[in-house]
Amino acid sequence: MEEASIRARQISQEPAAMDRGHRGAVTSRSDGRHDLEAILTLQRLAGNQAVEMLLQRAPEGAPPATVTTPAPGTVPATAPGTAPAAPAAPDPAKLSGAHWKATADAKWADSSSLSDLDSGFKASMDKFLEMLTANNITTGEYTTKRPKQRAYLLHFSVEVKNGTTAPKDVPKEDGVDIIWDHGDDAKSKKAAGEMVDAFGIVGPAALISNHIAGNAIDMKFDFTKMVKDKDGNNTITYKKDGKEVSRPLKIADEAVMGVKAKGRSISSIGDRELSKAGEDFGVKRHIDNDIVHWSTTGN
Ligand SMILES: [Zn+2]
């Protein structure tokens, strides 16, 4: 800014010299060629930035004192470097980025309460949890019901980060005033990635999620109080349809309380003994890379 004002001062001291050199040229203001010459001279003397400033300063319709103004619209064509001002920058608060976590937490917080589950799924969960408790397994770190605005932010931050949806193609969500497109692909992806990290997203974050209707729960386990069976296994036992069921659990790579689940995956997760146990109670887990996620459908 300092530099610009110095250049402007230099220009204001030049008019005499300008006039002497171009007296003949600038007498006819309707002659575009001469106007161009005057501008090019000014550019040579003072630089494009100063020319731009002077052009902006000239009152509409009135010819400026020291330099002729080309008709509006002719500047970009005849004088490269005097491009029109860039469009106003987007509101940084609206641009995607980690700060959207705080907005989402304030407006569209996840519920961690089991009582926010849909009544049918809650009844299934209650029985599943009762069985786990009887086997000395405790559970926690719940996420139950999720507002659809939050699901939208989670889903598209993953999509944009991974490049599966272009920032400009992200649909609008009512009430969520976010700008995904930073005008630069790398920047847009980076900002979306910061959101993925800020939200601590574990899985693919479905847009149409069972969480929205209260038909899903994310949870972790504590197996440390389990009593091992005679073979040293962490085995759960319970009754189903009057029959005794016994399932030895593999717990080393499970979703354990206090341990990050993000980025972890269990292959064929639905075939695990713990998943099968849940399924016996109507609580399904089928997404390999979302090890905390249980629902009515598994998805
Ligand atoms: Zn989930």
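This dialogue explains how to read several features of a predicted model.

Reader: Where should one begin, and how many helices and strands does the protein chain contain?

Author: One may begin with the inventory of elements. The protein chain has 10 helices and five strands. Of its 299 residues, 27% are buried. Contacts can also be sorted by separation in sequence: among those between residues at least 6 apart, 68% join residues at least 24 apart.

Reader: How is the packing of two helices to be read, and at what angle do H8 and H9 pack?

Author: One considers the angle between the axes and the distance separating them. Helix H8, residues 148-162, packs with helix H9, residues 185-199, at an angle of about 135°, and their axes are 8 Å apart. An angle over 145 degrees would count as roughly antiparallel, and 65 to 115 as roughly perpendicular; H8 and H9 are therefore oblique to each other. The crossing of H8 past H9 is left-handed.

Reader: Which residues make the contact between H8 and H9?

Author: On the side of H8 they are Leu153, Leu154, Ser157, Val158, Val160 and Lys161. H9 contributes Ser188, Lys189, Ala192, Gly193, Met195, Val196 and Phe199. By character, the residues of this contact comprise eight nonpolar, three polar and two charged.

Reader: Gly193 appears in that list. Is Gly193 of H9 buried, exposed or partly exposed?

Author: Burial is judged by counting C-beta atoms around a residue, and a residue is buried if 20 or more others lie within 10 Å. Gly193, found in helix H9, has 18 other C-beta atoms within 10 Å, so Gly193 is partly exposed. Distance along the chain is a separate matter: Gly193 and Gly97 are 96 residues apart in sequence, yet their C-alpha atoms are 8.0 Å apart in space.

Reader: How does one find the face of a helix that is buried, and which residues of H10 are buried?

Author: One looks down the helix axis and notes where the buried residues fall. In helix H10, residues 273-280, the buried residues are Leu274, Ser275, Ala277 and Gly278. They fall within an arc of 155° when seen down the axis of H10, so they line one face of the helix. Among the elements covering these buried residues are helix H7 (119-134) and strands E3 (234-240), E4 (243-249) and E5 (293-295). After H10 comes Gly282, with a positive phi near 85°.

Reader: Which residues other than glycine have a positive phi, Asn136 being one of them, and where is Asn136 placed?

Author: One checks the sign of phi, the residue type and the location together. Asn136, which is not a glycine, has a positive phi of about 65°. Asn136 lies in the loop between H7 and strand E1 (138-143), and counts as partly exposed because 14 C-beta neighbours lie inside 10 Å. Asp241 is also a residue other than glycine with a positive phi, near 50°. Asp241 is placed in the loop between E3 and E4. With 6 C-beta neighbours inside 10 Å, Asp241 counts as exposed.

Reader: How may a loop residue be described, and what does Lys228 touch?

Author: One gives its location, its exposure and its neighbours. Lys228 is in the loop between strand E2 (216-222) and E3. Its 10 C-beta neighbours inside 10 Å make Lys228 exposed. Leaving aside residues up to four places away in sequence, Lys228 touches Asn233 and Asn234. Between the C-alpha atoms of Lys228 and Pro248, 20 residues apart along the chain, the separation is 9.5 Å.

Definitions and conventions. Residues numbered from 1 in each chain as written. Predicted model: local features only at pLDDT ≥ 70, side-chain atom pairs only at ≥ 80, totals over all residues. Axes fitted to C-alpha atoms, helices over the stretch in contact; angles between N-to-C directions. Helix = DSSP H or I, 4+ residues; strand = E, 2+ residues; numbered from the N terminus. Parallel < 35°, antiparallel > 145°, perpendicular 65-115°, else oblique. Left-handed = near helix turned anticlockwise from the far one by under 90°. Contact = placed C-beta atoms within 7 Å. Nonpolar A, V, L, I, M, F, W, Y, C, P; charged D, E, K, R; others polar. Buried ≥ 20, exposed ≤ 12 C-beta atoms within 10 Å, placed from the backbone. Arc of directions from axis to C-beta.
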